[in-house]
Amino acid sequence: MTKKYEIVLAGNPNSGKTSVFNALTGARQHVGNYPGVTVEQIVGSFKTGDCEIEVTDLPGTYSLTANSPEELIARNVIITEKPEVVVNIVDASNLERNLFLTLQFMELGVPMILVLNMIDNASDKGIKIDTERLGRLFGTRVVCTVGNRSEGINELKKIIGEVVREKDKHLSEKVTYSDELMLPILELSKILTDNNSIPEGYKADWLAIKLLEKDKEIIELFESLESGKEVLKKADVLIEKLENDVDEPSEIIVTEHRYGFISGTCREVVSATLQKRRDISEAIDSVVTHRIFGIPLFLGLMYVVFYLTFTIGDPFMNWIEAGFGWLGDFISSWWSAGSESSLKSLLVDGIIAGVGGVLVFLPNIAFLFLAIAILEGTGYMARVAFIMDRLMNKIGLHGKSFIPMLIGFGCSVPAIMSTRTLTLKRDRMTTMLVVPLMSCGARIPIYALIIPAFFAKRWEALVMFSIYIIGIITAIICAKLLRSTLFKGENEPFVMELPPYRIPTLKSVGIHMWGRTVVYLQKAGTLILAASVILWIMANYPKKDKLEKDYRVEIAKIEQSQLTTKQKELKIRDIKNEEMAERLSYTITGRIGHAIEPALKPMGFDWKIGTALIGAFPAKELFVSQMGIVFALGEIDEENPVALRDELPRHYNGLQAYCIMLFCLLSAPCIATIAITRRESNSWFWALFQLVGLTVLAYIVTTIVYQVGLLVQAF
Ligand code: GDP
Ligand code: MG
């Protein structure tokens, strides 16, 4: 028994559609008109296997907007008559231009076969197309034909037969654009779904794109719907926001993203052996995405960015620091000197020190975000993802994972937010979970404290470098592990958009930078504030009323003794340390520190380090001030922790110091990171998984390093 299937041929005018149509159907065709319009409708048929295929030759179009009757017919036939498959005829010698329509079929999410017609012309022009890769990128079967000579037609028939029998397997890949456009699409699509206002036969994502494109017909459709007015209102809000962000009409933005997607595709699959005329964008691309120069160029650029981040950020940083110092003094002045008021301590040692310690980095962070916003705005970041793709694929990650990792060197919070550009959940989750291993800016004060205290000048840079490298290598191993266990799955090829280069507008750069900076500010204002209060309470209560010794008497004794000033100073330090240890041991933090001490031993840590680690949980940089508290040095200047640097080597050795840095690098990220992971993964499970997983990892690695270090020292 023969089965009947209806398919359509679609493509640009002059792509050879009619030639392919004739080659497929021979004489079995008839010509009519589409109902109501004077657009010719040609229908024919052919047999393949036990299938009878009826083919309609759609009018040739360049796009599926509602701008001409041809375009409207083409898309309405596809939406309302739901052909089994759209056979998209493209002119292979003009791939870039022809794919513009192909992409719009993909947006529609219909089963599709891609026919690279005029492949003879393409060869003549020296164009080679990697059809296998193209097929995998688009999720479609690809056939090469020469329509006017019937070459490849039998294969096309065979493939049509296969596809119509199992059309669900041949739905083209979903098109995903970069964040800028994808986020509004997804938001609008969700509004449509939630509102239950998707007309019969349409798909939410496609309607969302069309609304953002201000498609006349779709707007009319919604105007005629009961719930449509509201949808249109919400769409307008999104359009306005998008246009504000990018500073261009939304329909242009959509088109630009389509071209970006196509450029990315062509860069992957087309290789031209003959010299062709280049436009400026291609000329720039040939340099920045160069196989050899691409990566060094990028690293150089990043070096400049990091360098500027610190040099430009520094003066501002000092102002902020001075500001908080002044605020602390001002508030202290409300009490008489030497007052032991708890409220004063809470305000000054707890809140101002905690929040101030985080806000100090605001200028660096803001500048880093500014630089990234500019690089993104020009279109350069998309190229970076492109050149990193191969490298990242080896780790089992997507090229786009590279950018969150890079931002992770600044701060994990915006880094995790930027994993949104990754469409596959497994890429996104893996990246999100390993990003905290990139040594963030908040760890720098820890290294700045420890390295000069324990290591000779000539080793300083190497020690610092080794910490960063250990972080990166651990991230690579973890990513590989996660991808082969929890987030299994083939590396799927992906089209990466190559957006046109443009000079970013001040407004759009400002918006991007501000958006990310605000998140950082919120972190300081909410989480860190709350955590500072809790930690302050934990480090001060319960208070021990009766101390074992009268330390003041002891200090007085030393001061009256015959020792040299230097000796006195050291003795007094020890006494103060002892007093602090006694006081701290009685508090909640101290008790936890003591309780976990046996577990910390294998890493070479004592309870004091344990206490400081707990104190540093809200934000890594707090470790420094916590160590200051533990060693009774009062307020520690993070920029210049000289006193603490002198003190630490009296208690620990270089191996222990290295292990502290290692543990701070690998262990549980700060509270803000956990909170953002929870928000972005929408699950407490993964947030806690990250927290526990990284802590366990840090424990294991640090223990190994410490134990091996001990062995080495023994020899
Ligand atoms: P349509 O506008 O898409 O229907 O395109 P036609 O089928 O009318 O073809 C346009 C022109 O391209 C005609 O002159 C065809 O002979 C020619 N043509 C069609 N397919 C091929 C092909 O594969 N190779 C070459 N070199 N020419 C082709
Ligand atoms: Mg024709």
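Reader: Which residues make the nonpolar surface patch of about 750 Å²?

Author: In this predicted model, the patch is made by Y303, V304, Y307, L308, I312, F316 and W319.

Reader: Where is the place of V304?

Author: V304 sits in helix α13, which covers residues 294-332.

Reader: Why does V304 count as partly exposed?

Author: The relative accessibility of V304 is 42%. Buried means under 20% and exposed means over 50%, with partly exposed in between. The value for V304 falls between these two limits, so V304 is called partly exposed. Patch residues need over 30% relative accessible area, and the 42% of V304 meets that cut-off.

Reader: What surrounds ligand 1?

Author: A shell of 16 residues, the closest being N14, K17, T18, S19 and D120. By class, 3 of the shell residues are nonpolar, 11 polar and 2 charged.

Reader: Which helices each supply at least two residues of that shell?

Author: They are α1 (17-25) and α4 (119-124). Helix α1 gives the most, with 3 residues.

Reader: What makes the approach of S19 to ligand 1 a polar contact?

Author: An N or O atom in the side chain of S19 is 2.6 Å from an oxygen atom of ligand 1. The cut-off for a pair of N or O atoms is 3.5 Å, so the pair qualifies. The backbone contributes too: a polar backbone atom of K17 is 2.7 Å from an oxygen atom of the ligand, and a backbone N or O atom of G16 lies 2.9 Å from a ligand oxygen.

Reader: How much of the accessible area of ligand 1 does the protein cover?

Author: On its own, ligand 1 has 580 Å² of accessible area, and the protein covers 70% of that.

Terms used: Residues numbered from 1 in each chain as written. Chains lettered and ligands numbered in written order. Predicted model: local features only at pLDDT ≥ 70, side-chain atom pairs only at ≥ 80, totals over all residues. Heavy atoms only, no water. Patch = residues over 30% accessible without salt bridge, like charges linked within 9 Å, V, L, I, M, F, W, Y side chains within 5 Å. Areas by Shrake-Rupley, 256 points an atom, 1.4 Å probe, with all protein chains shown as cover. Salt bridge = Lys/Arg side-chain N within 4 Å of Asp/Glu carboxyl O. Helix = DSSP H or I, 4+ residues; strand = E, 2+ residues; numbered from the N terminus. Buried < 20%, exposed > 50% of the residue type's maximum accessible area, 1.4 Å probe, protein only. Near = heavy atom within 4 Å. Polar contact = N/O pair within 3.5 Å; in protein donor to acceptor, adjacent residues only side chain to side chain. Nonpolar A, V, L, I, M, F, W, Y, C, P; charged D, E, K, R; others polar.
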